[in-house]
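Hi everyone, thanks for making time for this. I'd like to walk you through one model today, starting with the overall fold and then zooming in on a few spots. Please have the viewer open so you can follow along.

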Amino acid sequence: MEDKIIDESKQGASLTIEAKPNNSRKLYIESYGCQMNFSDSEIVASILADQGYNTTQKLEDADLVLVNTCSIRDKAEQTVRKRLEKYNAVKRINPKMKVGVLGCMAERLKEKFLDEEKIVDMVVGPDAYKDIPNLLKEVEDGRDAVNVLLSKDETYGDVSPVRLNTNGINALVSITRGCDNMCTFCVVPFTRGRERSRDPKSILEEVHDLASKGYKEITLLGQNVDSYLWYGGGLKKEFKNASEMEKATATSFSNLLAMVAEAQPKMRIRFSTSNPQDMTEDVLHTMAKYPNICDYIHLPFQSGSTRILKEMNRQHTREEYMQLIDKILEIIPGCGISQDIITGFPTETEEDHQDTLSLMEYVQFYFGYMFKYSERPGTMAARKLEDDISEETKKRRLTEIVDAQRGHSASRTKQCLGKIMEVLIERESKKSDGDWSGRNQQSLVVVFPKENYQPGDFVMVKITDCTSATLIGEAVGYSKNQ
Ligand code: SAH
Ligand code: F3S
C-alpha cells in the first residue's frame with residue numbers, strides 16, 4: 001500500500017529465465033514508470049536477445065545499459081537522472097560499457113540528451129525499438145545514435161517478449177499503444193504518440209504462449225484500454241472511413257476481453273487502465289459473465305470537481321463518474337475499484353479539493369495512486385495555465401487525500417474479515433518466509449501461512465485479520481479453479 005501511495009518509481013533490474021545459451025554479451029535493463037514501460041522493456045530484451053545479448057542483474061557486468069524512462073512527473077525524471085550518474089560512475093571503471101536511454105524521457109528530450117548527459121550513447125523513443133540493432137552499429141562506429149520517430153502503426157505485435165523480473169505467474173500483455181485523449185496535464189500523448197490497437201490474433205497467441213509456460217494471470221495493458229478497436233489496422237480515427245463490412249467485424253475491447261477469457265478459462269484476466277469517458281456497459285457485462293475476469297477496475301478520476309475536470313480536458317463530469325460507479329456495482333456487485341488523483345491542478349480552490357474528498361468518500365476506493373500536480377513542458381496546461389497552487393498547499397491537500405484513502409482502504413480490508421476468498425499465490429511474503437503473498441480478485445494483497453501450497457496455486461483463504469493495506473488469513477483448501 002505504501003508504495004502504491006508514493007508510487008514514483010517502481011523499479012526493477014532485469015532477470016531473465018529465457019537466456020539464450022550462445023549469447024555472449026550482457027544487457028542490464030532498468031525500467032521506471034508505468035506498467036507499459038515494464039512491458040516495453042521485455043520487447044527490447046527480446047530484440048536484443050537476437051543480437052547476442054542476455055540480461056544480467058549486475059550493472060558492473062554489463063556491455064550495454066538501458067534505462068526505460070518516465071516523464072509523467074518531474075520527480076520521475078529526476079530519479080532517472082540520478083541513475084544516469086550512477087551509470088557514469090560505473091562507466092569510468094568500464095569505459096567500454098554503452099548507455100542508452102529509452103522511453104518517454106528519450107522522446108521528450110531527444111538529441112538534448114546526448115549534449116546534456118555526456119555519458120549517453122543512444123536515445124530511443126517508444127516506437128523505435130526495432131531500430132536498436134542499427135543504432136548499436138552507429139554507436140560502435142562512434143556516431144551519436146538517436147531515433148525518436150513516433151509511429152502510427154507500430155504495436156510490436158510480432159515481437160515475442162522476453163519476460164523480465166518474472167515470477168512465472170503474472171505477465172503483462174500490451175494491447176494498445178499511445179493515447180489520443182490529450183488530458184491537459186499529461187505528457188503521454190507527446191511521448192507515446194497516437195493511439196493504435198494491436199491485432200487480436202497476436203494478443204491471443206501471446207496469451208496462449210504464456211498459458212503454455214504456466215503463467216496464471218495476465219494484465220491487458222493500454223493507456224486507455226476501453227478505446228481498443230481493431231478492424232484490420234491503423235488508427236482509431238480512420239474507423240470513420242472504414243467500410244461497413246470492416247465496422248461490422250471490428251473487435252472492441254469488450255469483444256477482446258471475452259475472446260481472451262474464453263480462450264484461457266483457467267487464467268485470471270486483468271486490464272489497465274480504464275478511462276471513465278470510454279468505459280462501456282458491455283465491458284461490465286463481459287466482466288460479469290466470465291468468472292476468470294477479475295472483479296477489479298482501475299478507474300482514475302483525477303479530480304472530484306467538474307470545473308477542474310473541464311480544465312483538465314477530461315471528458316467526464318463528477319456526476320457521470322458517480323453514475324459509472326453505480327453502474328459498475330449494479331452489474332458487478334463487490335467489484336474492487338481504485339483511483340488516480342492529481343491534487344493542486346492550476347486554479348484548484350479549497351472547494352474543488354473538498355469535491356475530490358467527497359467523491360472519494362462516495363466511492364470508498366480500495367486503494368489509489370495520488371499525486372501532486374507537476375507541470376510538464378509542452379502540455380496544454382503548461383502553455384495555458386499558471387502553476388499557481390503553492391507547494392505547501394499541494395502538500396497539505398495530498399496529505400488529506402492520502403489520509404482519506406488510508407481510512408477507506410482500512411474499511412475495505414475490514415469488510416473482508418471472516419470471508420473466504422480465492423487467492424492466487426504470487427510470491428513469498430516480504431515480511432515472513434513462512435508466509436505466501438498473493439492477491440484476491442479485487443487486487444488486495446493477502447498473506448497466509450505457506451503449508452504445502454506453491455506459488456501459482458489458486459487457494460481459498462479465510463481472512464482472520466487485516467491492516468489498512470493487507471489481508472491476513474489461512475488457507476482452507478484449493479480453489480475449484482486449481
Ligand atoms: N491512462 C494512463 C494514465 C497515465 S499517467 C494509464 O494507463 O495509467 C498515470 C497517472 O499519472 C494519471 O492518471 C494521473 O493521475 C497522473 N499524472 C499524469 N500527468 C501528471 C502530472 N502532470 N502531474 C501529476 N500527476 C500526473
Ligand atoms: Fe494521459 Fe489522459 Fe491519456 S492521463 S495517458 S492523456 S487518458
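I'll go from the whole chain to the cores, then to the ligand shell, some backbone oddities and the C-terminal strands.

One thing to keep in mind: this is a predicted model. Let's begin with the overall picture. The protein has 16 helices and 21 strands. Its radius of gyration is 22 Å, close to the 23 Å that the globule rule gives for 482 residues, so the protein is as compact as a globular protein of that length. If you want a box for your setup, the C-alpha atoms fill roughly 65 × 55 × 55 Å along the principal axes.

How much of the protein is buried? Of the 482 residues, 59% are buried. The accessible surface comes to about 20,400 Å², and carbon and sulfur atoms account for 50% of that surface. As for the contacts, take those with a separation of 6 or more: 72% of them link residues 24 or more positions apart.

Now to the inside. In soluble globular proteins, nonpolar side chains tend to be buried together. Here, the largest nonpolar core has 51 residues, and the members that touch the most other members are Ile-218, Leu-220, Phe-253 and Phe-271. A second core, separate from that one, has 25 residues, including Val-44, Ala-49, Ala-145 and Val-162.

Let's click on Ile-218. Which residues does Ile-218 contact, beyond its neighbours within four places in sequence? On one side of the numbering we have Ala-171, Val-173, Val-207 and Leu-210, and on the other Val-260, Met-267, Arg-268, Ile-269 and Arg-270. Two of the names on that list are arginines, Arg-268 and Arg-270.

Another interior residue I like is Val-101, which sits in strand 4, residues 98-103. Its relative accessibility is 0%, so Val-101 counts as buried. Val-101 and Val-123 are 22 residues apart along the chain, with their C-alpha atoms separated by 4.9 Å. Setting aside residues up to four places away, Val-101 touches Val-67, Thr-69, Leu-84, Ala-106, Phe-113, Val-120, Met-122, Val-123 and Val-124.

On to ligand 2. What kinds of residue surround it? By class, the shell around ligand 2 has 7 nonpolar, 3 polar and 1 charged residues. Going through the names, the residues around ligand 2 include Cys-179, Cys-183 and Cys-186, along with Asn-181, Met-182, Phe-185, Val-188 and Pro-189. Further along the chain, Gln-223, Asn-275 and Arg-314 are also around ligand 2.

Next, the backbone. Most residues other than glycine have a negative phi, and most peptide bonds are trans. Against that background, three places are worth checking by eye.

The peptide bond joining Ser-272 and Thr-273 is cis, with omega about 10°. Thr-273 is in the loop between strand 13, residues 268-272, and helix 11, residues 281-289.

Then there is Thr-347, which is not a glycine but has a positive phi of about 75°. Thr-347 lies in the loop between strand 15 (336-343) and helix 14 (350-363), and it is partly exposed, with a relative accessible area of 28%.

Gln-364, also not a glycine, has a positive phi of about 55°. You'll find Gln-364 in the loop between helix 14 and strand 16 (367-372). With a relative accessible area of 22%, Gln-364 is partly exposed.

Last stop: the C-terminal end. Ser-468 is in the loop between strand 20 and strand 21 (470-478), and it is partly exposed at 23% relative accessible area. Which residues does Ser-468 contact, leaving aside those within four places in sequence? They are Arg-406, Ser-409, Ala-410 and Thr-413. The C-alpha atoms of Ser-468 and His-408 are 8.2 Å apart, with their positions 60 residues apart along the chain.

Ser-409 itself is in helix 16, residues 391-415. Is Ser-409 buried or exposed? At 1% relative accessibility, Ser-409 counts as buried. Its C-alpha lies 8.9 Å from that of Thr-467, a residue 58 places away in sequence.

Finally, Asp-465 belongs to strand 20, residues 458-466, and counts as partly exposed at 42% relative accessibility. Beyond its close sequence neighbours, Asp-465 touches Leu-417, Leu-471 and Ile-472.

That's my tour; happy to take questions.

Conventions. Residues numbered from 1 in each chain as written. Chains lettered and ligands numbered in written order. Predicted model: local features only at pLDDT ≥ 70, side-chain atom pairs only at ≥ 80, totals over all residues. Heavy atoms only, no water. Near = heavy atom within 4 Å. Nonpolar A, V, L, I, M, F, W, Y, C, P; charged D, E, K, R; others polar. Helix = DSSP H or I, 4+ residues; strand = E, 2+ residues; numbered from the N terminus. Rg over C-alpha atoms; globule rule 2.2 N^0.38 Å. Buried < 20%, exposed > 50% of the residue type's maximum accessible area, 1.4 Å probe, protein only. Contact = heavy atoms within 4.5 Å. Areas by Shrake-Rupley, 256 points an atom, 1.4 Å probe, with all protein chains shown as cover. Core = buried A, V, L, I, M, F, W, Y, C linked by side-chain atoms within 4.5 Å.
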